[in-house]
There are 2 protein chains.
Amino acid sequence: MNFSQVTLFEGIQEQDCRAMMDCFGVTLRSFRAGQTILEYGSGNSLVGILQQGAASLVRVDRDGNRTVLEHLGPNSVFGELLAFPCVGMDSMWVRCEDDCEVAMLRYDQITKRCERACAHHSRLVENFFGLMRHKAMALSERVEVLSRRSIREKLSAYFLLLSLKNRSKRFQLPFSYSFLADYICTDRSAMMRELRNMKEERLLQTQGREILLYPAFFQLTGSVDKRLE
Amino acid sequence: MNFSQVTLFEGIQEQDCRAMMDCFGVTLRSFRAGQTILEYGSGNSLVGILQQGAASLVRVDRDGNRTVLEHLGPNSVFGELLAFPCVGMDSMWVRCEDDCEVAMLRYDQITKRCERACAHHSRLVENFFGLMRHKAMALSERVEVLSRRSIREKLSAYFLLLSLKNRSKRFQLPFSYSFLADYICTDRSAMMRELRNMKEERLLQTQGREILLYPAFFQLTGSVDKRLE
DNA sequence: TATAAATTGTTGCAATCGCAACAAGTATAC
DNA sequence: GTATACTTGTTGCGATTGCAACAATTTATA
C-alpha cells in the first residue's frame, strides 16, 4: 500500500534515459491483452518491469488446475530469476490481462560495472532496488492471503487488503470472480457459496465486481473501519 | 535453490567492512534461541540480515492460530518494510529458532548518498540487491507451496523442494512436524493423517525428521528423480 | 448481428479437513 | 532427577470444501 511509488527511471532526466537504456540493454515492448510476455522454465534470464497495464503469473498443473501466483500492476518486476523454479509437470507464464507496456532487460545487466560510467548508473540500481522492495511486499501480501485457513478467511484477508489500498469500504475487484477463485486457490463454486453466506450474514454486499464491506465485517476481522469511507 | 550465495559484505575487503558498517549504521547483534528479534506492527524501519542461525516470521491471529509466514536462514533479509503490514488483531514477530547473529540497519541508510563517498558503497548496495533477489525467490517458493489445494499437494510440493535443495531423495526436515503444520497452514492432526496415508501408499518413508522419497512419489508428482541420490 | 466463449450462479454428494480430546514419548529446565 | 513443556501419534465426528453438472447471463469475436 504505502509503496513509495518508485519507477525505473525515477530521478533521471528524460534526455539521459535513452543513453541509459542502451547502456543497460533495456528494450520497451508492447503486448496485447491475452498475449504471453514470458514463459518460465526455459532458463530465460530476462527481467521485465511492467510499465502499463496488468498481467499475471499463472501456473497450470498436470491436472489442469489454474493458479494465479502473482497479480502484476505498473512497476511490478517479474522474471524467472525472481521466482521459484517450476517443478514437475507444471507450466508457468506471465500473461497480459490488458494491453501492456513492458521494459525488459537481462538480469546480469543490472549490477554490471558500467564501462561508460553513466552518471546515473547507481541511481538506476537504487530505483531497481525500490522495485524489488515493492515486489517483496507484494509477495508477502500474497502469503498473507494464502496462509489463511478457510475460504472465508482468505476472502476476508483479501477484501480487507483491497479496502486498505483503496482507503474505502467500497472497492472494485481487479478481476473476475472465476479469476479470484484461482487467486485464492480454491474451488470457484465453493467460493461463490461462501460469498453468498457472507452476504446473508450481512458482512458485505456486492454489485457486479464492486464490493461494499459492512461494519460487521470489520468487527469480525478485528480491524478498524475508521479512516475509511 | 541455485542462489548465487551473495552475502552483505561479499567482495569487500575485511579492513573496509568496519568503516562501511559505521557509514551505513550497521550493528551486529546476537540472539539466543527463542528470543524475539523484531516485533512487527510498530512502524519499525529496521532491516535485519541473518548472518547465522535460523529464525522465522510468525503470525498469531486473534483465534490463537499460529502461522509460520517465512522461514529464515543465513543471508535472509527481513523487516517490517519488506512485509505486508499486519492488519486486524494479528500479531507478528521474528523469532530465533537457534542462537542467531544478525546485522541490523535502518532501511533508509541503504540507498542514501554517502557523504564520505566510501569506495565500496555501490558494491554493498549491489550485494543487498542480491539478497533481495534471494528474498523474492524465498517468498515465491512460499507461494509455490501455499498455493497448492490439498494437504497432500502442499506436503508434496514442500518435500520436492527440499529434495531439490538437497540434491537427494533423502533429506532432513528443518523443523518439527508441529512447526511444519503451521508452515503449510493446516491442522497438525490432519497433516499427520495425510502423512500416514502417503506412507501406506509407499510414496515415502520417515524416520524421525529424516524423510526418504520413493520413486512412486516422483511418478505421482510428475517430477524427475534422476540426478538425485 | 449471429455465434462462440467466458462468467456468474446454483445444487447434491462425496471427500477432505479441522477440531477436541487424549495418550505416550522426548527434550528441557530447575 | 523430577517436573514441565513440547512433540508425536491417534481417533470420532461434524463442518467445510471440491467436484461434476447444469442453466442463465454477459462479453468477445467473426
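These legends walk through several close-up views of a predicted model with two protein chains and two DNA strands.

**View 1. Chains A and B, laid one on the other.** Let's start with how the two protein chains relate. In general, two copies of a chain are related by a rotation about an axis and a shift along it. Here, a turn of 180° and a shift of 0.0 Å along the axis lay chain A on chain B with an RMSD of 0.0 Å. That is what a two-fold axis does. Both copies also use the same surface, as 100% of the contact residues of chain A recur in chain B.

**View 2. The protein around DNA strand C.** Which residues come nearest to this strand? Of the 17 residues around DNA strand C, they are Tyr177(A) and Arg188(A) from one chain, and Ile151(B), Ser189(B) and Arg193(B) from the other. Sort the residues of this surface by character and you get four nonpolar, six polar and seven charged. Helices H5 (177-183) and H6 (188-200) of chain A each supply at least two of the residues here, and so does helix H6 (188-200) of chain B. H6(A) gives the most, with five residues.

**View 3. Three arginines at DNA strand C.** Now zoom in on some side chains. Arg188(A) has a polar side-chain atom 3.0 Å from a base nitrogen of DNA strand C. Arg193(B), from the other chain, also places a polar side-chain atom 3.0 Å from a base nitrogen of this strand. Arg209(A) goes for the backbone of the DNA instead: a polar atom of its side chain lies 3.4 Å from a phosphate oxygen. Counting the atoms of DNA strand C within 4 Å of the protein, 48% belong to sugar or phosphate, and the rest belong to bases.

**View 4. The protein around DNA strand D.** Again, 17 residues surround the strand, and the closest are Ser150(A), Ile151(A), Ser189(A), Tyr177(B) and Arg188(B). Of the atoms of DNA strand D that come within 4 Å of the protein, 47% are accounted for by sugar and phosphate. The surface here is made up of four nonpolar, six polar and seven charged residues. H6(B) provides the largest share, five residues.

**View 5. Phosphate contacts of DNA strand D.** Three residues of chain B are worth a look. A polar backbone atom of Tyr177(B) is 2.7 Å from a phosphate oxygen of the strand. Ser178(B) also uses its backbone, with an N or O atom 3.1 Å from a phosphate oxygen. Arg209(B) uses its side chain, where an N or O atom is 3.4 Å from a phosphate oxygen. Elements giving two or more residues to this surface are H6 of chain A, plus helix H5 (177-183) and H6 of chain B.

**View 6. Helix H1 of chain B and its two sides.** Which residues of H1(B), spanning residues 14-24, are buried? They are Cys17(B), Met20(B), Met21(B), Cys23(B) and Phe24(B). Looking down the helix axis, these buried residues fall within an arc of 155°, so they line one face of the helix. The face turned away from that buried side carries Gln15(B) and Arg18(B), which are exposed. As for neighbours, the buried residues pack against strand E1 (27-31), strand E8 (100-106), helix H2 (107-110) and helix H3 (121-146) of chain B. Right after the helix comes Gly25(B), with a positive phi near 70°.

**View 7. Two loop residues with an unusual backbone angle.** Most residues other than glycine have a negative phi. Arg167(B) is not a glycine, yet its phi is positive, about 50°. Arg167(B) sits in the loop between helix H4 (151-166) and strand E9 (170-172) of chain B. Cys185(B), also not a glycine, has a positive phi of about 60°, and its place is the loop between H5 and H6 of chain B. Are these two buried or exposed? Arg167(B) is exposed, with a relative accessible area of 60%, whereas Cys185(B) is buried, at 4%.

**View 8. Tyr214(B) and its neighbours.** Tyr214(B) belongs to the loop between strand E11 (210-213) and helix H7 (215-221) of chain B. With a relative accessible area of 24%, Tyr214(B) counts as partly exposed. Leaving out residues up to four places away in sequence, Tyr214(B) touches Arg202(B), Leu203(B), Leu204(B) and Gln205(B).

Definitions and conventions. Residues are numbered from 1 along each chain as its sequence is written. Chains are lettered from A and ligands numbered from 1 in the order in which they are written. This is a predicted model: local features need pLDDT of at least 70, side-chain atom pairs count only at pLDDT 80 or more; totals for chains, interfaces and linings use all residues. Side-chain values use heavy atoms; hydrogens and water are left out. A residue is near a molecule or strand if one of its heavy atoms lies within 4 Å of it. A polar contact is a pair of N or O atoms within 3.5 Å; within protein, one must be able to donate a hydrogen and the other to accept it, and residues adjacent in sequence count only if both atoms are side-chain atoms. Helices (H or I, at least four residues) and strands (E, at least two) are DSSP runs, numbered from the N terminus. Ala, Val, Leu, Ile, Met, Phe, Trp, Tyr, Cys and Pro count as nonpolar, Asp, Glu, Lys and Arg as charged, and the others, Gly among them, as polar. Buried means under 20% relative accessible area, exposed over 50%, partly exposed in between (1.4 Å probe, protein chains only). The arc is that of the directions from the helix axis to the C-beta atoms. Contact means heavy atoms within 4.5 Å. Copies are superposed by least squares on the C-alpha atoms of residues with pLDDT of at least 70 in both.
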